[in-house]
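Student: Please take one part of this model, the contact between its chains, and describe it closely. I should like the criteria behind each term to be stated along with the values.

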Number of protein chains: 2
Amino acid sequence: MKLTILGCHSATPRWDANPTAQVLEVKGHLFLIDCAEGTQVQLRRFKVKFSRLKHIFISHLHGDHFFGLVGLISTFRLLGREAELHVHGPKGIKEAILLQLKLGKSYTNYPLYFHELESKEPQVVFEDEKLSITTIPLDHRVYTNGFLFQEKLGERSLHIEKARELNVEMSYYRKIKQGEDAISKDGKRIKNELITFDPPPAKSYAYCSDTAYFPQLVPQIENATALYHEATFLDKDHHLAEKTKHSTAKEAAVIAKKAKVGTLILGHYSGRYSSTESFKTEAQTIFPNVQLAEDGKVFEL
Amino acid sequence: MKLTILGCHSATPRWDANPTAQVLEVKGHLFLIDCAEGTQVQLRRFKVKFSRLKHIFISHLHGDHFFGLVGLISTFRLLGREAELHVHGPKGIKEAILLQLKLGKSYTNYPLYFHELESKEPQVVFEDEKLSITTIPLDHRVYTNGFLFQEKLGERSLHIEKARELNVEMSYYRKIKQGEDAISKDGKRIKNELITFDPPPAKSYAYCSDTAYFPQLVPQIENATALYHEATFLDKDHHLAEKTKHSTAKEAAVIAKKAKVGTLILGHYSGRYSSTESFKTEAQTIFPNVQLAEDGKVFEL
């Protein structure tokens, strides 16, 4: 899993502080998560091959998470895109995008599908043999979902020497990797665990932005490899977090600790703070493994 | 008149090539003309005091001229704006903006007025005692207007020594500047032109983008101090200009020549050309006084 932060600041876009967008590369897919104004420029700037994007996930319909979407969709048309594009986001997103394309007489030439969300329960929004993506209902001023990207456990690795030693037919190898027992050339049943290793652990990435402190999400993201959790404010301004339904760095860390995640990545910083270092310091009083998102930073999970 | 180019490239925004937006400062006003994605960042980058903006003029509803508007309107709200904002643009613009604000539950706290345009005849869209702004109907793939900013002729300048010499009462000075004759202390009528100079010439700026070659606009912009005319293509690609209803540099120059403008400013360059110098060279074969727009360039007219 490779996570590229395109923007990780809240509210208004500035020259050196882009609002939310990130790209997750996992199991051969490239997913865009949120798409603030300027995202298409950031994709070019950080040399993301964005023609590979097929699915875009929008957490909520505040401008700093979705005002760049219509431009990106239009740019795909101008670049001659032919591949399908799927947009997953809150109900209303389809009308907002299509109205603007209609006004510009600029409907896409490529197939554009909207998958509108309105459930307050987690929903699987994408699934293939290697991966699933599930919404994480959040608590914000408008209807908002995070997204949980979960790799599926891969095939077991064959212990080839042991299989040969036990006279296992090669024709069984495929099924053995899928966890089945084998039969040796002399007719004996060989237990799967004797001739295989566990597959590499399945990774998962939880994206939670924007949200008030919302411990109800903890069971869903337990043991995630990495959690991106918004931290708009520091604890000293927790009244602002409460008022605007955002989180503090400390609250993000409490969620990370409760959920026993591997790494906590903080972002969505308010522009009122001159440096982001204090977010890390504050979170680390609760949870040790904290990283700070930065525009252009790449996390290999 | 001071014109600041925020972006002057066509189609998709890139890191070093912003789509259309410009700011015109004239007679104490600051006007924004078009508002592509990224315009608010360009306003900050070039240190334009954009809280002073009260009127925004949108030529047409293609993304590279208006996708930044909703973000700018939202940013004004976040910055606590209280002053009125007037948006002048094609019919449909109000619905597009308000729908997005509604979806984000982000209606502005300041008064926001839309003045929707649908006439194919020139219309006065702003007027005060020093200035008028009129639409310039253009010929593009969607309904499009340019805008003509015309200063009004100021007061005549008083020839103070002459007025004293001719015994003109000071109480007449105000009316004399407005063009009236005066009466001297000994009761004689003094012709206005004897005691005044002509006011400085009224300047005008014509913004014409996007449009196919459209000589019908010439009478409206005759003798303009400066004309910004789109030049998306070079003459060698004139078939593309015809197909997409854009202009070539040569065509822009023909318009400038026919209209006898002072300066021709070219912009809206297609990304297919590696340099913009050829636009100038081509236009200068027809019309000598050509300037190239560049992001961040300031023209004092």
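Tutor: Two residues are in contact when heavy atoms of theirs lie within 4.5 Å. The model is predicted, so local features are restricted to pLDDT of at least 70 and side-chain atom pairs to pLDDT 80 or more, while totals for chains, interfaces and linings use all residues; side-chain values rest on heavy atoms, with hydrogens and water left out. Residue numbers start from 1 along each chain as its sequence is written, and chains are lettered from A and ligands numbered from 1 in the order in which they are written.

A single residue offers a way in. With residues up to four places away in sequence set aside, A:Gln42 touches A:Leu6, A:Asn18, A:Asp295 and, from the other chain, B:Trp15. A:Gln42 belongs to helix H1 (residues 39-45) of chain A; helices (H or I, at least four residues) and strands (E, at least two) are DSSP runs numbered from the N terminus. Relative accessible area, computed with a 1.4 Å probe on protein chains only, sorts residues into buried (under 20%), exposed (over 50%) and partly exposed (in between). A:Gln42 counts as buried because its relative accessibility is 2%.

The contact as a whole draws 36 residues from chain B and 36 residues from chain A. Buried area is the accessible area (1.4 Å probe) that two parts lose on being put together, summed over both. By that reckoning chain B and chain A bury about 3,000 Å², with 67% of it on carbon and sulfur atoms. The salt-bridge rule, which asks for a side-chain nitrogen of Lys or Arg within 4 Å of a carboxyl oxygen of Asp or Glu, finds 0 cases across the interface of chain B and chain A. A polar contact is a pair of N or O atoms within 3.5 Å; within protein, one must be able to donate a hydrogen and the other to accept it, and residues adjacent in sequence count only if both atoms are side-chain atoms. Across the interface of chain B and chain A, 9 residue pairs are in polar contact, both residues being at pLDDT 80 or more.

On the side of chain B that touches chain A, at least two residues come from each of helix H1 (39-45), helix H3 (69-78) and helix H4 (93-103) of chain B. H1(B) supplies the largest share of that side, 6 residues. By class, the residues of this side are 14 nonpolar, 14 polar and 8 charged; here Ala, Val, Leu, Ile, Met, Phe, Trp, Tyr, Cys and Pro are nonpolar, Asp, Glu, Lys and Arg are charged, and the others, Gly among them, are polar.

The symmetry of the pair completes the description. Copies are superposed by least squares on the C-alpha atoms of residues with pLDDT of at least 70 in both. Chain B is brought onto chain A by a rotation of 180 degrees with 0.0 Å of shift along its axis, at an RMSD of 0.1 Å. The relation is therefore that of a two-fold axis. Within chain B, the C-alpha nearest the axis belongs to B:Gly38, at 3.0 Å from it. Both copies use the same surface, since 100% of the contact residues of chain B recur in chain A.

One backbone feature follows helix H1 of chain B. B:Lys47, in the loop between H1 and strand S4 (55-57) of chain B, has a positive phi of about 55 degrees although it is not a glycine. B:Lys47 is exposed, because its relative accessible area is 70%.
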